[in-house]
Amino acid sequence: MKDNLVKLTDSHFIIDMMYARTNNMAGRAVYQEIGYGNVAYMHQDVWKKLLKIVPFLDENKLKMRICDAYRPPIAHQKLLEIIPRTKAKFFAETPEKSNHCHGTAVDVCLTDINGNNLLYPTEIDAYEKRFQEQVITGNFIEFESHLQKARHDYMEALPEAIENREQLKKIMENIGFESISHEWWHYNLKNWQNYPLIEWQNN
Ligand SMILES: [Zn+2]
């Protein structure tokens, strides 16, 4: 184990790191560019909590898709260079301020047993190709209004999408995570304040 980081390999979880592919808000596979790849590491304390969701997944014939977990600070820095910061504050302003860089946050949704995402009010990261094309040129107008749909208090979505969002929140809070108001997919380990930034070096 490296700096208390655990590599997730359990088959209840689908590893689909969004920054290891190009269909994300930055439009670049930053995790590949830095030699990290499509792997999900997280602090061992996060893994101990996340594992508690397995009986629920089994019981309901579901899986969990992991779209981000530990994020190497160098990757965060690259994302900040690609997407300029605006009032949308899409990425934390420094790696220090991102829980992902501390290994204490995950971006997740539930899927059916075949890996098809359940319905939610937006994609994870509120991704849509047209917004990605806009934001990398510095145009945030449409995206910022779209981000309203990523909030836990957004109630205009289809009832099924709201139900799925609330189900995810309930189960994640039950097993030891806290939600944030403006991103339905993002969960922090409780007491994340006690965990330091973790640097990444390729071996
Ligand atoms: Zn996140």
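The chain contains seven helices and seven strands, here seen in a predicted model. Followed along the sequence, these elements come in the pattern β-β-α-β-α-α-β-α-β-α-α-α-β-β. As for overall dimensions, the C-alpha atoms fill a box of roughly 45 × 45 × 30 Å along the principal axes. The radius of gyration is 16 Å, which agrees with the value near 17 Å that a compact globule of 203 residues would have. Of these 203 residues, 36% count as buried. Contacts between residues 24 or more positions apart make up 73% of those with a separation of 6 or more in the chain.

A convenient place to begin a tour of the fold is its sheet. Five strands form an open sheet in the order 2-4-5-7-6, and their pairing is mixed. Strand 2 (13-15) and strand 6 (177-180) stand at the edges; each has a single partner strand, so one side of each is left without a neighbour in the sheet. On average, and with direction ignored, neighbouring strands of this sheet are turned by 40° against each other.

Moving inward, strand 4 (residues 62-68) pairs with strand 5 (residues 105-112) in the antiparallel sense, over six bridges. Within this pairing, Leu-62 stands opposite Asp-112 of strand 5, while Arg-65 has Cys-109 of strand 5 as its bridge partner. Strand 5 also pairs with strand 7, again in the antiparallel sense, here over three bridges. On that side Val-106 stands opposite Tyr-187 of strand 7, and Asp-107 finds its bridge partner in His-186 of strand 7.

Strand 7 (183-189) in turn pairs with strand 6 in the antiparallel sense over four bridges. One of the matched pairs joins Glu-178 to Asn-188 in strand 7. Strands 6 and 7 form a hairpin, with two residues between them. Six of the seven residues of strand 7 are buried, so this strand is largely enclosed by the rest of the structure.

Two of the helices deserve a closer look. Helix 7 (residues 159-174) lies across strand 5, strand 6 and strand 7, and runs at about 145° to strand 6. In helix 4 (residues 73-82), the buried residues are Ala-75, His-76 and Leu-79. Viewed down the axis of helix 4, these buried residues fall within an arc of 100°, so they line one face of the helix. Helix 1 (30-33) is included in what covers the buried residues of helix 4.

The interior can be described next. In soluble globular proteins, nonpolar side chains tend to be buried together. Here the largest nonpolar core has 51 residues, and those with the most contacts inside it are Leu-8, Tyr-19, Met-42, Ile-66, Ala-69, Val-106 and Val-108. Val-106 thus appears both in this group and opposite Tyr-187 in the sheet. Leu-8 offers a handy view of how the core is assembled from separate parts of the sequence: leaving aside neighbours within four places, Leu-8 is in contact with Phe-13, Ile-15, Ala-40, Met-42, Trp-47, Ile-66 and Ala-69. Among these partners, Met-42, Ile-66 and Ala-69 are also listed with the residues that have the most contacts inside the core.

Terms used. Residues are numbered from 1 along each chain as its sequence is written. This is a predicted model: local features need pLDDT of at least 70, side-chain atom pairs count only at pLDDT 80 or more; totals for chains, interfaces and linings use all residues. A nonpolar core is a set of buried Ala, Val, Leu, Ile, Met, Phe, Trp, Tyr and Cys residues joined through C-beta atoms within 7 Å. A residue is buried if 20 or more other C-beta atoms lie within 10 Å of its own, exposed if 12 or fewer, and partly exposed in between; C-beta atoms are placed from the backbone. Two residues are in contact if their C-beta atoms, placed from the backbone, lie within 7 Å. Two strands pair if DSSP finds at least two bridges between them. Axes are lines fitted to C-alpha atoms, for helices over the stretch in contact, and angles run from 0 to 180 degrees between N-to-C directions. The arc is that of the directions from the helix axis to the C-beta atoms. The radius of gyration is taken over C-alpha atoms; the globule rule is 2.2 Å times the number of residues to the power 0.38.
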